Amino acid sequence: MSGCGLFLCSVAARFCRAPAAFTVIRRPLLTSPPSRAFAKELFLGKIRKKEAFPFPEVSRDELNEINQFLGPVEKFFTEEVDSRKIDQEGKIPDETLEKLKSLGLFGMQVPEEYGGLGLSNTMYARLAEVIGLDASIAVTLAAHQSIGLKGIILAGSKEQKARYLPRLASGEHVAAFCLTEPASGSDAASIRTRATLSADKSHYVLNGSKVWVTNGGLANVFTVFAKTEVVDSDGSVKDKITAFIVERDFGGVTNGKAEDKMGIRGSNTCEVHFENTRVPVENVLGEVGGGFKVAVNILNSGRFSMGSMVAGMLKKLIEMTAEYACTRKQFNRNLSEFGLIQEKFALMAQKAYVIESMAYLTAAMLDAPGFPDCSIEAAMVKILQKTW
């Protein structure tokens, strides 16, 4: 592997093996006000040369440690995960899900004190490369922790974290993110789901529907965004978005049948409906009326990992394609000997290098002191992986 390859696959965290899972030396969750990162400053016409490329410094010993940690996960995905079966049957087998739980993969970024692995963003990105070997599993796990439970980590109270994170980290409970609606997508402010405060102010009554919810048919815990009435500083009443932690056991929570998709068929995607669901006021996530900010922070903190997942998929595809090109003959020559085929491999390698570099750069910036605002970088990674 080249120096760049070693560098891009490295992370700044130390790991050690434990009997049933893994124990990690982790960093505290950064919650200080964000500072502007490189891309946002660039859009504002400001270039800070010294801070333009904050790649992490990683020693050879740390690289060896992370490779040891990744070994069991990579072995599982290459030897035990049957992606063809998952896609054909449109379901991840129960035994596969149980193995994912035993490896700690449902709690990768949940802090250790709540039973998770507490991975840094860089480590999570590296692990996502391996998980990306199966798209259905990758999407299921990403929807669970990158967006489904991430709001509890970022904006949850101590009581909310203590109540929900342990069972989410173990995989006993699965999380889902409910934002998009039939009439609202990227325009999150136009959602129609509504939560009305009860007369005794003990709970909210939630009504509405969400679409394209990954894990919607599996989830026990939902991060839901709804319109609520908020009294403004001038005394006027306005509709503002509020985030809620909703349990399926609250009642009135149903889901439609799983969508029969063209790809990633093993992940569960469906509509989720809330009918007079009683949500305790203690389950407001963040501040009443502050849901839009919570949603944006969740999405910005999780988007970058899709880049490393795609990088992992691309590198696997390059490996499979190269094996074919080196054995398939035409005109008494291997396909790999033709210039046009070699050009295709060069373009594939270029794309894998670019998306991997962007993902790890963004992860390193998110892990940097000062909690920089990497919203533009995260959006760039997401847009790039979607265009490929």
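The bend at a residue is the angle between axes fitted to the seven residues ending there and the seven starting there. This is a predicted model: local features need pLDDT of at least 70, side-chain atom pairs count only at pLDDT 80 or more, and totals for chains, interfaces and linings use all residues. Numbering runs from 1 along each chain as its sequence is written, and side-chain values use heavy atoms, without hydrogens and water.

**Exercise 1.** Find where helix 7 bends, and by how much.

Solution. Take helices as DSSP runs of H or I, at least four residues, numbered from the N terminus. Helix 7 spans 135–148. The bend sits at Ala 142 and is about 30°.

**Exercise 2.** Explain why helix 7 is described as largely enclosed.

Solution. Call a residue buried under 20% relative accessible area (1.4 Å probe, protein chains only). Of the 14 residues of helix 7, 11 are buried, so the rest of the structure largely encloses this helix. Among them are Ile 137, Ala 142 and His 144.

**Exercise 3.** Identify the cap at the N-terminal end of helix 7.

Solution. The cap is Asp 134. One of its side-chain oxygens lies 3.1 Å from the backbone nitrogen of Ser 136.

**Exercise 4.** Place Ile 137 in the largest nonpolar core.

Solution. Such a core joins buried Ala, Val, Leu, Ile, Met, Phe, Trp, Tyr and Cys residues through side-chain atoms within 4.5 Å. The largest has 37 residues, and Ile 137 is among those with the most contacts inside it. Helix 6 gives the most, 7 residues. Next, list partners of Ile 137, leaving out residues up to four places away in sequence: they include Phe 77, Leu 100 and Ile 131.

Technical notes
Buried < 20%, exposed > 50% of the residue type's maximum accessible area, 1.4 Å probe, protein only. Helix = DSSP H or I, 4+ residues; strand = E, 2+ residues; numbered from the N terminus. Contact = heavy atoms within 4.5 Å. Polar contact = N/O pair within 3.5 Å; in protein donor to acceptor, adjacent residues only side chain to side chain.
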